[in-house]
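Q: Please take a close look at one part of this structure, and then set out the other local features that help to place it. Plain statements will do.

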Amino acid sequence: MNQERYFFDPFKGNTPFNLTKFASVGSLKNVHPRKPNKEGYLVGPAIDLEDIVLLPQSLAPLVLNNLELLNFLQDMYEHNQTIFGLFSDPESPTENPLFLDIAVEMAIGSIIELDSNRYSVLFQVLRRVQFADIAVKGDQVILTALPIRHRYRRTEHLTALKRLVIDQFGEYVDLVDFISEDVSSYVEDTDDPDDLADFIASTIDLPYATRVAFLKETNGVERLHMLLRTLTSEINILKLEEDINNQVQSELDRSQREMYIREQISTLQKELNDGKPVDPAWQELSERVEKTPLPPEAKEAATKELDHLAAISSLSPESSMIESYIEWLLDLPWTAETIDNLDINHAQQILDQNHYGLKKAKDRILEYLAVRSLKPKVSRQPILCFVGPPGTGKTSLGKSIAEALERNFVRVSLGGVHDEAEIRGHRRTYLGALPGRILQTMRKAKTVNPVFMLDEIDKLNADFQGDPSAALLEVLDPEQNYAFSDHYLEVPYDLSKVLFITTANTVMTIPPALLDRMEVIEFPGYIEEEKIAIANQFLIPKQLLENGLDEETLHFTPEALHLIIEGYTYEAGVRNLEREIGTVLRKIARLKSEGKPLPKEILPEQISDYLGPQEFYPSAAEQADEIGLATAIAWTENGGEIMPIEVLVIDGKGNLQITGQIGDIMQESAQAALSYLKSKAEIFQIPEGFFEDVDIHIHVPEGAIAKDGPSAGITIATALTSAVLDVPVKHDVAMTGEITLRGRVLPVGGIREKVLAAHRAGIKTILLPRKNEKDIAEVPPAVLKELNLVPVEHMDEVLAQALADQPVNRKPINQPSRKVKRKSAPPEEAPK
């Protein structure tokens, strides 16, 4: 069925409307509801009110712009006839909207022209009707509806309900300011439940969903119950709003009153004190600014901010920000410093007392003291960077340096810092701004020349908030840090007297520009002998004290410490060693608390009872010479390790496969070693086309551990040569060095750790690059006595030392037998 819908703009409900503008409002009383036809139906024209819900007993002006509709309404108005209003069902689909089952019958008041295209029409809603049918005749929509009639018995319940609703409505009117008190009087004179409920509902402000529900409910008593619940809820909300408003207004009035009184007092005080405020906090800051020896720039900034503070109210938020800034200026050390103890013997005693080994680091500090004792004309603080594995004493050595110099010691951990403002601070325009960590730590130091440790400098991060390592360039540059600029302070601060010491586990992640400003001192991992000495001198006495056993004569045998180091720890430092020693002593402390006898010494047999089964097993050299197996020596953060390299030659198509979680650099070393071997095919009498008929598989065991670096180059070349020529490699020989395509052996790092690892594994001969001979001086003499260190420059020398026999020709797949000369030959013709 086709339906023509009339659209109009809704009248803004919060705009006041003066009924006196409508000359014919009184004439609405002459309009009577339609009478039913013979079948009992009401039939008449209708308009679509869409989502504007009008309730009976209400007057509503609506704005229309449809001229045809206006003409029609004008005609209905002149003949005192009613019109039906239809409402869209909010639950119906948007693309095919339906009407509610309930419509309303309305009388039309006057029509007023607002402008050239808009008119205001006054409607009075007379009653509800039940939607029955709808039809379209020409340009009109004709509604067929049924009248809704209810009869109510006068019961005590109904009387009580009406009184409650009227009382609640009266209280509601008292709480709002948009309903006249005359309306309350009218409500009290209304007796019919339908009229009472509809009139009150049309008067109060209801949400759209509530108005729809109220319109659809045809029983007046039920509408009174709905109205009572709605009025009760609205009254509670209005009371709460009033309480909140009164509380806020009271606080505001009190605050304004206090501010007014304070301003009056401040004005009187200024007049009595020559224009200066008499606020105790301001007076205290002013006295501190006068007494504190500040540089000219800081003095000027403090005085300027102090004058600004005097000119604003103490209740202003800016007041606390200015006070905080002045206090930071006054709390920072500008001139206070400690006097260095330049006694080298005293420093040597302190360093040796607290630390074992670390000769390089100790010598550098003693050199610094020696130079300072000579009072050079140009003095510059060194920027030291201690680099080494965890647990090697980097941070604790910094504390010992401060103790030896008799300076204050402060420390900042930079691990995970990713914001430049952590170093330089935030600008004062930000709420809660503070100086960066550098100046915050200087405030704690209380002197201008502390020992300042920047821990974990290799773990700085950079993101969209800036690069903190770039901010450290100024801090760690002696040419710039005499005028360090912090964003919060905005006054140059002198850091040139600070002894900065940074720590890192590796220099690989430190930006080159920052690394260039620091003097790197490497902390090598401790060897077993050093760990045993550290345990006896430092760790065991410390743990005895911490576990309440300091009065007991208890000691560990060297064999027990050896077992703990090799079987229960795997580290370059001594942190885990200290933990394991602490575990043993806690077990003994429990025995003491239980009154049981205590052991006087800890033996190797007892270690498993205290610490459980052995966790680590040290690597050992091979027991026999094997073909295609050579031993490399690797450096790790936990010290040195021996690393067997296996090579297998099988039928194939000339492929090279490398396994064992090998990095790119190590793969390139394998390619270089194979190319070297191919270049020597004629000398080794390897048949032509041999490498095209075989696959070569290189494997480095312990595949779960990533491996990389060039130092295994000569080892891979040796294992390849052994596998191709069927010559075994000596099991007691280990080697390290980078290989070139021409067979030259290049130097590598970590010689000390590698030599010690080979010694622990039972290796007797070590081949190392000749250019690494200088590093042998770092190896303990006791170890050197038990090893045969052979410097090499070329792979010919390596093969001569590593192969167990003269090269013997292997019988290649699908190739005739070949003979290899067994007599010795010059290096350029055959390996020695």
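A: Helices and strands are taken here as DSSP runs, of at least four residues for a helix (H or I) and at least two for a strand (E), and they are numbered from the N terminus. The model is a predicted one.

The part to look at is helix α23, which covers residues 751–760. Of its 10 residues, eight are buried, so the helix is largely enclosed by the rest of the structure. The buried residues are Ile751, Arg752, Glu753, Lys754, Val755, Leu756, Ala757 and Ala758. Buried in this sense means under 20% relative accessible area. An α-helix has 3.6 residues a turn, so residues three or four places apart point the same way. The buried list of α23 includes Arg752, Glu753 and Lys754 alongside Val755 and Leu756. Just after α23 comes Gly762, with a positive phi of about 90°.

Positive phi also turns up at residues that are not glycines. Gln57 has a phi of about 75° and sits in the loop between β1 (42–48) and β2 (59–64). Gln57 counts as partly exposed because its relative accessible area is 26%, which falls between the cut-offs of 20% and 50%. Lys446, also not a glycine, has a positive phi of about 70°. Its place is the loop between α14 (437–445) and β9 (451–455). With a relative accessible area of 61%, Lys446 is exposed.

Strand β9 leads on to its partner. Strands β8 and β9 run parallel and are joined by five bridges. One of the pairings links Val412 to Leu454 in β9. Side chains alternate along β8 (residues 409–413): Val410 and Val412 point to one face and are buried, whereas Phe409, Arg411 and Ser413 point to the other face and are not buried.

Two other helices hold residues with distances worth listing. Leu231 belongs to helix α6 (residues 220–272), and its relative accessible area of 0% makes it buried. The C-alpha atoms of Leu231 and Val165 are 7.9 Å apart, with the two positions 66 residues apart in sequence numbering. Glu78 is part of helix α1 (residues 67–78) and is exposed, at 53% relative accessibility. From Glu78 to Gly109 the C-alpha separation is 9.4 Å, for positions 31 residues apart along the chain.

The surface is described by two patches. Tyr41, Val43 and Leu146 make a nonpolar patch of about 220 Å². Leu146 is in strand β6 (residues 140–147). It is partly exposed, at 31% relative accessibility, and patch residues need over 30%. The other patch is negative and is formed by Asp651, Glu688, Glu692 and Asp693. Glu688 lies in the loop between α21 (664–679) and β18 (694–699). Its relative accessible area of 79% makes Glu688 exposed.

To return to the helix asked about: the buried residues of α23 include both Ile751 and Ala758, and Gly762 with its positive phi follows just after α23.

Technical notes
Residues numbered from 1 in each chain as written. Predicted model: local features only at pLDDT ≥ 70, side-chain atom pairs only at ≥ 80, totals over all residues. Heavy atoms only, no water. Patch = residues over 30% accessible without salt bridge, like charges linked within 9 Å, V, L, I, M, F, W, Y side chains within 5 Å. Areas by Shrake-Rupley, 256 points an atom, 1.4 Å probe, with all protein chains shown as cover. Salt bridge = Lys/Arg side-chain N within 4 Å of Asp/Glu carboxyl O. Buried < 20%, exposed > 50% of the residue type's maximum accessible area, 1.4 Å probe, protein only. Lys, Arg positive; Asp, Glu negative; His and termini not counted. Charge placed at Lys NZ, Arg CZ, Asp CG, Glu CD. Pairing = 2+ DSSP bridges.
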